[in-house]
Structures are given as structure tokens and as C-alpha cells.
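Morning, everyone. Please have the sequence and the 3D view open in front of you. I'll keep this quick.

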Amino acid sequence: MTSKQKFLYFIYLHRTGLSVTGLSLALLLFPLIEDNPYTLGLTNLIAINALVVLGLNLFIGYAGQISLGHAAFFGMGAYGSAIATVTLGMPPWLAMVIVAILVALVALLIAVPILRLSGHYLAMATLGLNFVMYTVLLQWDEVTGGPSGFSGIPYLSIGDVQFDDEFRLHYLLWSFVMVSLMLCLNLVRSGVGRGLSAVAGDEVAAQALGVNTRNAKIKVFILSAVLASLAGSLFAHCYSFVSPDSFGIFTSTDMVIMVVVGGMGSIWGSLFGAALITLLPEWVDMFETYKDFVHGGILVLVLMFLPQGLVTGLIDTIKIKLALRRRKNVAS
Amino acid sequence: MLRLENVSKNFGGLPALSEVTFTVPKGQLTALIGPNGAGKSTLINCMTGVIEPSSGQIFFQQQQIASLPAYKISRLGISRTFQNLKIFPRLTVLENILTGLTSEGGDSMLMAMLRLPYLRHRERSLKLRALEALDRFGLADKANWPAEVLAYGDKKRVELARATVGKPQLILLDEPVAGLNAEETATVAEQLRLLRSAGHTMLLVEHDMDLVMEIADQVVVLDSGKCIATGTPDEVRCNPLVLEAYLGRMGATA
């Protein structure tokens, strides 16, 4: 091998680690270049969405299931943290962990019965879960504050550093995203991850390969619920105000659209999808009014032409084209 | 190695299998044949835990497996291929083979997420084994192709490689040459012979009589859910019951 080939091979071998390092560096430097609080506020929102989408992509993209109710777990995290810190007076970090554990338990209780379903039935069941959660948030005034929301949630802090402006929140939120990103990337490159792709491909085949499909689906569901709960807690502490409208079914569908646009079964695509869908309304004014129409339209178009999602779909198409060309070369 | 005792399966009131009894001896290639609708696929599904037999026992190395879930049976060392290919089209060929080593890649989701050094080493050795299997089946140059672009014969070989890469105790092959041309069939037959000489125990479900008669050590004949004959290929060929049920018709037309 020449030194150039060696260098390229090194990059190929460590592509995941290098990409993570590169992105981390870019994120570290970003607030130094861009100090407009409005822009940072947007990227922070991307971070929160990305956290939910990462987990949801494991469940939808890798394990091949569907959930239209992840805003419920997002909401449980947010309201859980709000109630624990304000009403019960717990320290925020402790509250975040306890809430995440409770949400994991709730997810387990929900997963055992509803993951017997699949396809449309699973979509309906998770949608129902979201409706129930939304109604509870709206109606249980004494605890949740009802339609007017819940305010006065304290900021997070480490030592003397309080995360109360966009600049500091940027580092906090993106640290969470990068750690989750690495954990997810590790997961999908392991035997467990391959087991999940097998479940998405064909459950009978997955079982024949030794995958406990039922447990695998439940575990991923819980993992995605915990990530959504953490994102919710961060959301609550970030804006110090939560209201039921942030956790309705349209939030859930937006999350699914982010997964689909980014690409099913693509961890990097999750980041792209979260960023694109969060930023779209900023770029085009008419989105503000017709947001749901446009999101629906995007969903339909992507599913029609690239059913695997924008990023994954394009990459797959390119890979297949290349392979077919190579096949032809071999044949001739 | 594998022993079936009076295995029956009814779908509604319809008996698909009745009192099937035979053994698959270690280190041999047993062929399971029978006309269409004889219950061969049902039997394979019973053995692998996809469906549960209505009655009867299946022993694998002295252990009763008749009511175990499919993934546990697979982990005991029984692997299978499928009649209508079940490879994962979006994964690469190499990743498809690696799914055959899923149970050796570790179970814990937490450990997988942390990717500690021990897991990294294990991943590397699994990858080497998968590449080795690809080499054995002549697919090494296509390791990074998405599996869906492969030709049909190559896909069949991917499935065969996936079923054998984990060094299973017993391999169940459900029509491995269905839909292949003569040349490809010969290649698969050669590979089965190699597996056989490497000491693998196999149960082959096949319609291709030439292949069965050529490579099987023992032939089991099913007809209408009943086991009507067991023996060497030559014995079965001369068995009047078999001739009547199956080969007889072939003899008349040939």
C-alpha cells in the first residue's frame, strides 16, 4: 500500500470516530462564530428534537416498528421534571434521573401489551397513548396547571454555572446529543444492533438467527422513551415553562417526519432530519400558517419516492447503482 | 442428534402431520422428501419453533425442544435456511452473514452501547469469521454490496453462508436449490458435500430427486403428513410404498 492508500484506509476504518470528533469540534466552536441568541436558540431546539429523534429512529428505523406517540414520553419527562422540582422541591439533576427511571417503567408497562401489535394497529395504539397523555396534562389542573401551562421551572446548574442563556445551554444540550449519538452509533454497530435490523427485515428470520424479538423490541422502545424523557426534562429546564400544546399528537407526527426525512435506520440522518424540519419554518414564512400541510406533504413525497427516507434513501440508491455497475463490469 | 417421536400437528381439524417419527443421526445428511402438501414445511417449522406441534416430542441432544420459542432453539445450535429467501435486502452481504452470528455478539444492550474494548475485539473476530464464510462460498468480492442487488443464486448462497457461519450443530435446509439452474445446483451440491465432509449434520428438504439421491445418507419420505419410509437412497428408491406415493408417478411419466 502506498502512503496515500494507507491514509484513505485509516479514514475509512475510523470514519465513525472521525465524524463524531469533527462534529464535536464544530459544535464547540459554533457559538464563538455565531453569537446571535436567536440562532443559538434555534440550534438548541434542534438539539432537543434530535435527542428524541435519535431514540425514535432506533425504534422506527432499526427495529422496524412505528410509534405515533413519543410526544407522550417527551411530555412525561418535561412535566415530570417540572412537578418534581417546583412542587416537590427536588434538585433538578436528581429529578431528571428519577423521572427518566419512572418513564422507563411506564414504557415497560405499555410496551409489554402494545408491542404484540404491529403496523397500523401499533400506530393506532401509540396514537391513543399520546391522546390519553395530552388529555391528562390538559385536564388535571391541580397538578399540571392545565391549559395555561406550568411556569417557574428552575434552570439547571453545575456548581456556579447556571444554564440560563442560549450560549451556555448550547453546550449543555449538545453534550447530551453527542453522548446519545455515540451510544446509538455503538449500539447499531454491535450484535444487538444487527439483531434489531434483522427484526425490521423479517421477524421469523430474526428468531431463527437467535434474536429474542419480543424482548429486543421492548428494550428499544424503553430506550427511546428514556431519550424522549431526557429531552423533555431538558426542554422544561431550558424554557422554564411547559404547556400541554408542546406534547400533542402533532409533535409526535413531527418527530416521525424528522425520522422519515432524515432516513430510517440512519443515526446521522436523525440529526439531519431534526435540523431540517426544525429550521424549515424559519426559511419559509408561509410555513408558519400551513405548517401541518407542508409537513404532511413532505412526508407523502418522501415516502412515495424514497421510502427509506431522504438520507438513507439517497445513500442506498447510490450504493445500489455503484454495485450494479461493478456487477456489469465483472460480467463483461 | 435430532429425534422426533410421534409428532402431530393439526390445523383446525385438518391433520397436517400425524405421528411422524424418525431420527437425524449425527454427522450425516438426512433428506426429507415427499410430494407437495406432504407436510415437509410444517415439519421444519415445528422443529424450529415457528409453530408448536399439537402433540409428540422432539429431542435435540437429549433435550426436549418441542415447545421452546424459536430463538431458544436457534441458540441451542439449530440453524436453518428458508424456502423463499429471507435475507435482509438493505444490509450488505457481509452484514447479512454477521446476522448469523447475532447470538455470539453479546446480549446486553447496555454493553453494546458502551462498546468496551472486549466487545470491540469480539466484533473484529466475528467479522473475520464472516469474511471467512464469504470466502468459502465464493462471495468475498461482493462483501460490501447491498444484498438486494445479488443474483438469485448468490442470494441462496448468502443464506447458506449465514446458516453455517455460526458453526451450528444441525442445519435445516429448506429447498436450497429451488429455482436454480443445473450449473448453480451443482455448485450448491458441491458445497453441501463439503459441509458434510466437515462433519456438519444436515437435514435437507428438497424436490430435486437427483440431488437427494446423490448426496443423502438417509432419506425420509413423507406423504399426507405420515412418514411412510426411512432408509438409504437405494432402499427408498425400491420401496413399493414410496413408488406408489411419489416415485411411482415420476417413473410413469419419465
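I'll take the interface, then a pocket, then the salt bridges.

One caution up front: this is a predicted model.

Let's start where the two chains meet. How many residues of chain B are in contact with chain A? There are 36, and they touch 36 residues of chain A.

Next, the area. The size of an interface is often given as the accessible area lost when the parts come together. Here, chain B and chain A bury about 3,300 Å² between them. Carbon and sulfur atoms account for 64% of that. Which three residues of chain B supply more of its buried area than any other three? They are B:Arg90, B:Met109 and B:Met113. Together they give 22% of what chain B buries against chain A.

Now the polar side of the interface. Between chain B and chain A we count 3 salt bridges. Take B:Lys86, which forms a salt bridge with A:Asp202. Their closest N and O atoms are 3.2 Å apart. Across the interface there are also 9 residue pairs in polar contact, both partners at pLDDT 80 or more.

Which helices of chain B help build its side of the interface? Look at H2 (70-76), H3 (93-99), H4 (109-114) and H5 (117-136). Each supplies at least two residues. By class, that side of chain B has 17 nonpolar, 9 polar and 10 charged residues.

On to the second largest pocket. Its space comes to about 690 Å³. The lining has 29 residues. Nearest the centre lie A:Leu45, A:Asn49, A:Phe235, A:Asp254 and A:Lys291. Five helices of chain A each give the lining at least two residues: H3 (37-62), H11 (213-239), H12 (249-262), H13 (267-283) and H14 (287-305). The lining divides into 16 nonpolar, 8 polar and 5 charged residues.

Last, salt bridges overall. The whole structure has 15 over all chains. One of them joins B:Glu190 and B:Arg193, with the closest N and O atoms 3.0 Å apart. Where do B:Glu190 and B:Arg193 lie? Both are in helix H7 (residues 182-197) of chain B, 3 residues apart, about one turn of the helix.

That's my tour. Thanks for listening.

Notes
Residues numbered from 1 in each chain as written. Chains lettered and ligands numbered in written order. Predicted model: local features only at pLDDT ≥ 70, side-chain atom pairs only at ≥ 80, totals over all residues. Heavy atoms only, no water. Contact = heavy atoms within 4.5 Å. Buried area = accessible area lost by both parts, 1.4 Å probe. Salt bridge = Lys/Arg side-chain N within 4 Å of Asp/Glu carboxyl O. Polar contact = N/O pair within 3.5 Å; in protein donor to acceptor, adjacent residues only side chain to side chain. Helix = DSSP H or I, 4+ residues; strand = E, 2+ residues; numbered from the N terminus. Nonpolar A, V, L, I, M, F, W, Y, C, P; charged D, E, K, R; others polar. 1 Å grid on protein atoms, 1.4 Å probe; cavity = no way out; pocket = protein on both sides within 12 Å on 5 of 7 lines; lining within 4 Å. Points joined across faces, edges and corners; volume = space filled by probe spheres on them.
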